[in-house]
Amino acid sequence: MKDTSKTKAPAYSKEVLRFIVAGSVDDGKSTLIGRLLTDSQAVHDDQLAHIREASKRRGDERADLALLTDGLRAEREQGITIDVAYRYFSTPKRKFIIADAPGHAQYTRNMVTGASTADLAVILVDARHGVLDQTRRHTAVVSLLGVKHVVFAINKMDRCDYDESVFESIRQELSQFVAKLPVRDVTFLPISALDGDNVVHESKRMPWHRGRSLLHLLETVHIASDHNFIDARFIVQHVIRSQSLADYRGYSGVVASGVFRVGDELVVLPSMERSRIAKIELYGESIEEAHPSMPATIVLEDHLDVSRGDMLCRPANLPSIASDLATMLVWLGERPLQVGQEYLIKHTFRWVRAIVIAIDYELDLHTLHRKPKSSGLERNAIGRVRFRTKTPLFFDSYERNRMTGSFIIVDEQSNETSGAAVLRPINTSVEQLSKQRQYKGLGYS
């Protein structure tokens, strides 16, 4: 009889693309998402009928597709539970998760949340207004957060008579700006979200544009190679014990990168204890291997002391382990980030206290030049900041692993996210080491 105790991971029929839609206020994000959902037939007839009726009551001649998302936005901007509004739809080729980020500068933290897990970013630009400060900020943030594919959707081309010169002027300005950032896959797309030009269907009003529609791009952009299949990193979120099975002890969590197979030898950080994988489970079923971003439960051959926030990896491929951290950071707090200030940070599922030991520079969002900074960073500023943690972190550079290579800073009074940091390789000079010794008396070794 065939052994069915172990099966392969369920084959997902469609690849999932996560993307964020961002832009300044009134750039047309709600209308674009509404158009994308409607023209791809992801909106039910009763929903569309309700939108048409609501639009008539407001005196609009056509259905205002922005109403499909504005209800969620109103709640979010009043501070009611919703940080980022997510929408889901699918086509025969792919499944999609849309993160709808608010455009106001004070909601940059929401945009950071949505971009942190995105494969692709759609940044809207109003063709009438051109490139704004918020456009540059959003572009810098998605670059900082490692979003590998960026689409600049030049919207409201209908308000500019579909003039190619308007599009070309904005494209040139953005090209010069983004050339200074580590984003390699950049697309410029002229659209009219209101009329549907180049959103789902290619526009006949802009024959000068030879590219395909936004939906075609979303369906065909290559993201499989964006995952890290080399560095095996499993972050423990929960320790599971069974009441019916006395010896059962499973560790549920997320595969941050790499591939885990039954029989693999693992080392547990920070304890450095070793064991082998006895079993891997997915939704209660035994599987042979687990891949990046997959939620899974790993059972080891030995009973080890493993806790929430611990990392499982291979003995011959360990992450960096350090207390001195170099980061690129976007500051979101109302009070400035200060050198010498202690903060609470969350790295994967671990909470650690850290102190700011230096601010190397702030990034000028207009020129992307580095402005020397020694004291603090104001809200929405981006800069290079050095931290020292009370207990070491085990991490990879953000370029290799977005989950282990980042952390957030939390305001202990409001419990809000005050900053988001991505980890960079650190190179501490003798002068910097002498400055850091002043923090030893505070418990920072």
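**Group meeting: strands, helices and one cavity**

I'll begin with one pair of residues: Gly250 stands opposite Val299 in β14. Before going further, note that this is a predicted model. The pair I just named belongs to a longer match, since β8 and strand β14, residues 295-300, pair in the antiparallel sense over five bridges.

Stay with β8 for a moment. Strand β8 covers residues 249-257, and eight of its nine residues are buried. β8 also pairs with β7, again in the antiparallel sense, this time over eight bridges. In that pairing, Val239 stands opposite Tyr251 in β8.

Now to another strand, β5, residues 149-155. How many of the residues of β5 are buried? Seven of its seven, so to speak the full strand, and the strand is mostly covered. Both of its faces are covered: His149, Val151, Ala153 and Asn155 are buried on one side, and Val150, Phe152 and Ile154 are buried on the other.

β5 has a neighbour on each of two pairings. Strand β4, residues 120-126, runs parallel to β5 and is joined to it by seven bridges. If you want a place to look, the bridge partner of Ala121 in β5 is Val150. Strand β6, residues 185-190, also runs parallel to β5, with six bridges between them. There, Val151 stands opposite Thr187 in β6.

Next, the helices that go with these strands. β4, helix α5 and β5 make a right-handed β-α-β unit, with α5 at residues 133-144. A right-handed β-α-β unit is also made by β5, helix α6 and β6, where α6 is residues 164-178.

Moving on to β3. Six of the seven residues of β3 are buried. β1 and β3 run parallel and are joined by seven bridges. Leu17 has Phe96 as its bridge partner in β3. Strand β2, residues 85-90, pairs with β3 in the antiparallel sense over six bridges. In this pairing Tyr88 stands opposite Ile97 in β3. β2 and β3 form a hairpin, and three residues lie between them.

That brings me to the empty space. Rolling a probe the size of a water molecule over the atoms shows where empty space is left. The count comes to one cavity of 30 Å³ or more. The largest cavity holds about 40 Å³ of space. Which residues line the largest cavity? Its lining is Arg18, Phe19, Ile20, Tyr86, Ile97, Ile98, Ala99, Gly114, Thr117 and Ala118. β1, residues 15-23, and β3, residues 94-100, each supply at least two residues of that lining. By type, the lining divides into seven nonpolar residues, two polar and one charged.

Two helices are worth a look for burial. Helix α4, residues 108-115, is mostly covered, with seven of its eight residues buried. Those buried residues are Thr108, Arg109, Asn110, Met111, Val112, Gly114 and Ala115. You will recall Gly114 from the cavity lining.

Helix α1, residues 29-39, is mostly covered too: 10 of its 11 residues are buried. Among the buried residues of α1 are Lys29, Arg35, Leu32 and Leu36. After α1 comes Gln41, which has a positive phi, near 60°.

I'll finish with two aspartates in loops. Asp264 sits in the loop between β9, residues 260-261, and β10, residues 265-269. Is Asp264 buried or exposed? Asp264 counts as buried because its relative accessibility is 16%, and the cut-off for buried is under 20%. Its side chain reaches the backbone nitrogen of Arg261 at 2.8 Å. The side chain of Asp264 also makes a polar contact with the side chain of Arg314, at 2.9 Å.

The other aspartate is Asp226, in the loop between α7, residues 214-220, and β7, residues 233-241. Asp226 counts as partly exposed because its relative accessibility is 24%. Asp226 and Val147 are 79 residues apart along the chain, and their C-alpha atoms are separated by 9.7 Å.

How values were computed:
Residues are numbered from 1 along each chain as its sequence is written. This is a predicted model: local features need pLDDT of at least 70, side-chain atom pairs count only at pLDDT 80 or more; totals for chains, interfaces and linings use all residues. Side-chain values use heavy atoms; hydrogens and water are left out. Buried means under 20% relative accessible area, exposed over 50%, partly exposed in between (1.4 Å probe, protein chains only). Helices (H or I, at least four residues) and strands (E, at least two) are DSSP runs, numbered from the N terminus. Two strands pair if DSSP finds at least two bridges between them. A crossover is right-handed if, with the strands pointing away from the viewer, the path from the first strand over the helix to the second runs clockwise. On a 1 Å grid over the protein atoms alone, a cavity is a set of points where a 1.4 Å probe fits but cannot get out, and a pocket is an open set with protein on both sides within 12 Å along at least five of seven lines; lining residues have an atom within 4 Å of a point. Grid points are joined across faces, edges and corners, and a volume is the space filled by probe spheres set on the points. Ala, Val, Leu, Ile, Met, Phe, Trp, Tyr, Cys and Pro count as nonpolar, Asp, Glu, Lys and Arg as charged, and the others, Gly among them, as polar. A polar contact is a pair of N or O atoms within 3.5 Å; within protein, one must be able to donate a hydrogen and the other to accept it, and residues adjacent in sequence count only if both atoms are side-chain atoms.
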